[in-house]
Amino acid sequence: MGNILNFIANILLVISILIIAYGAFIAIFCFIKSEIKNGAADFNGLRKARTKLGSYLLLGLDILIAADVLKTILEPDYRQLASLLTVVIIRTVLALLINRDIKAFSAPESPVIMQPDPHQPQQPKPSTDQTETDSAKASGPKLEKDI
């Protein structure tokens, strides 16, 4: 049973490394594409690349935690426990920072409220009676049908 769990833990370790490496390549590709398309002044492209990399890092670290849990079950010593604790702390800090960045990136920008120019003369707003009269003129005469 121990050999099977050790084998599964090693497979999970390799998978987590592959996911993190894949995420790094995707983030680099996204960054280069953004730089070519929008120029060096595009900070949104950099933020997208960081967000993508962070998401893959989180997934890879989650799988790494699973592998460390299996290894800690097999060999419950302080070294394995310290390794597991370190990975969990790193993953938690990364999750907090990346989730904050994702929320900031996906938050809609606040609408710009136009303030009236104090140097421009203000036009009076039409009254409701005048507005109803104008809409009646625009719709044309009303015809009634005889029954």
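**Exercise 1. How two helices pack**

At roughly what angle do the axes of helix 1 and helix 2 cross, and within what distance do they come? Work this out on the predicted model shown above, then decide how the two helices run relative to each other.

*Solution.*
- Step 1: Recall what to look for. Two packed helices are described by the angle between their axes and the distance between the axes.
- Step 2: Find the pair. Helix 1 covers residues 2-38, and helix 2 covers residues 43-74.
- Step 3: Read off the geometry. The two axes come within 8 Å and cross at roughly 175°.
- Step 4: Classify the pair. Angles over 145 degrees count as roughly antiparallel, so helix 1 is roughly antiparallel to helix 2.
- Step 5: Sort the residues where helix 1 meets helix 2. This contact has 27 nonpolar residues, along with eight polar and three charged ones.

**Exercise 2. A serine in helix 1**

Take S16 and decide whether it is buried or exposed. Then list the residues it touches beyond its sequence neighbours.

*Solution.*
- Step 1: Locate the residue. S16 sits in helix 1.
- Step 2: Apply the cut-off. Buried means under 20% relative accessible area; S16 has 2% relative accessibility, so it counts as buried.
- Step 3: Look for partners. Setting aside residues up to four places away in sequence, S16 touches G60, I63 and L64.
- Step 4: Place those partners. Helix 2 spans residues 43-74, so the numbers of G60, I63 and L64 put these partners of S16 in the helix that is roughly antiparallel to helix 1.

**Exercise 3. The largest nonpolar core**

Identify the residues of the largest nonpolar core, and say which helix gives the most to it.

*Solution.*
- Step 1: List the members. The core has five residues, namely L61, L64, I65, L84 and V87.
- Step 2: Assign them to elements. Helix 2 and helix 3 (78-106) are the elements that give two or more residues to this core.
- Step 3: Find the main contributor. With three residues, helix 2 gives the most.
- Step 4: Zoom in on one member. Apart from neighbours within four places in sequence, V87 is in contact with L61, L64, I65 and D68.

**Exercise 4. Two threonines and a glycine**

Compare the settings of T72, T92 and G54: which helix holds each one, and how does each count by accessibility?

*Solution.*
- Step 1: Start with T72, which lies in helix 2. Its relative accessibility is 13%, so T72 counts as buried. Leaving out neighbours within four places, T72 is in contact with Q80, L81 and L84.
- Step 2: Move to T92 in helix 3. At 41% relative accessibility, T92 counts as partly exposed. The C-alpha atoms of T92 and D62 are 9.9 Å apart, with their positions 30 residues apart along the chain.
- Step 3: Finish with G54 in helix 2. A relative accessibility of 4% means that G54 counts as buried. G54 and I98 are 44 residues apart in sequence, and their C-alpha atoms are 6.1 Å apart in space.

**Exercise 5. The whole chain**

Summarise the chain: how many helices and strands does it have, and what share of its residues count as buried?

*Solution.*
- Step 1: Count the elements. The chain has four helices and zero strands, giving the pattern α-α-α-α along the sequence.
- Step 2: Check burial. Of the 147 residues, 19% count as buried.
- Step 3: Check the surface. About 12,000 Å² is exposed, and carbon and sulfur atoms supply 65% of it.
- Step 4: Check contact range. Among contacts between residues at least 6 apart in sequence, 72% join residues at least 24 apart.

Note on methods: Residues numbered from 1 in each chain as written. Predicted model: local features only at pLDDT ≥ 70, side-chain atom pairs only at ≥ 80, totals over all residues. Heavy atoms only, no water. Buried < 20%, exposed > 50% of the residue type's maximum accessible area, 1.4 Å probe, protein only. Contact = heavy atoms within 4.5 Å. Axes fitted to C-alpha atoms, helices over the stretch in contact; angles between N-to-C directions. Parallel < 35°, antiparallel > 145°, perpendicular 65-115°, else oblique. Nonpolar A, V, L, I, M, F, W, Y, C, P; charged D, E, K, R; others polar. Core = buried A, V, L, I, M, F, W, Y, C linked by side-chain atoms within 4.5 Å. Areas by Shrake-Rupley, 256 points an atom, 1.4 Å probe, with all protein chains shown as cover.
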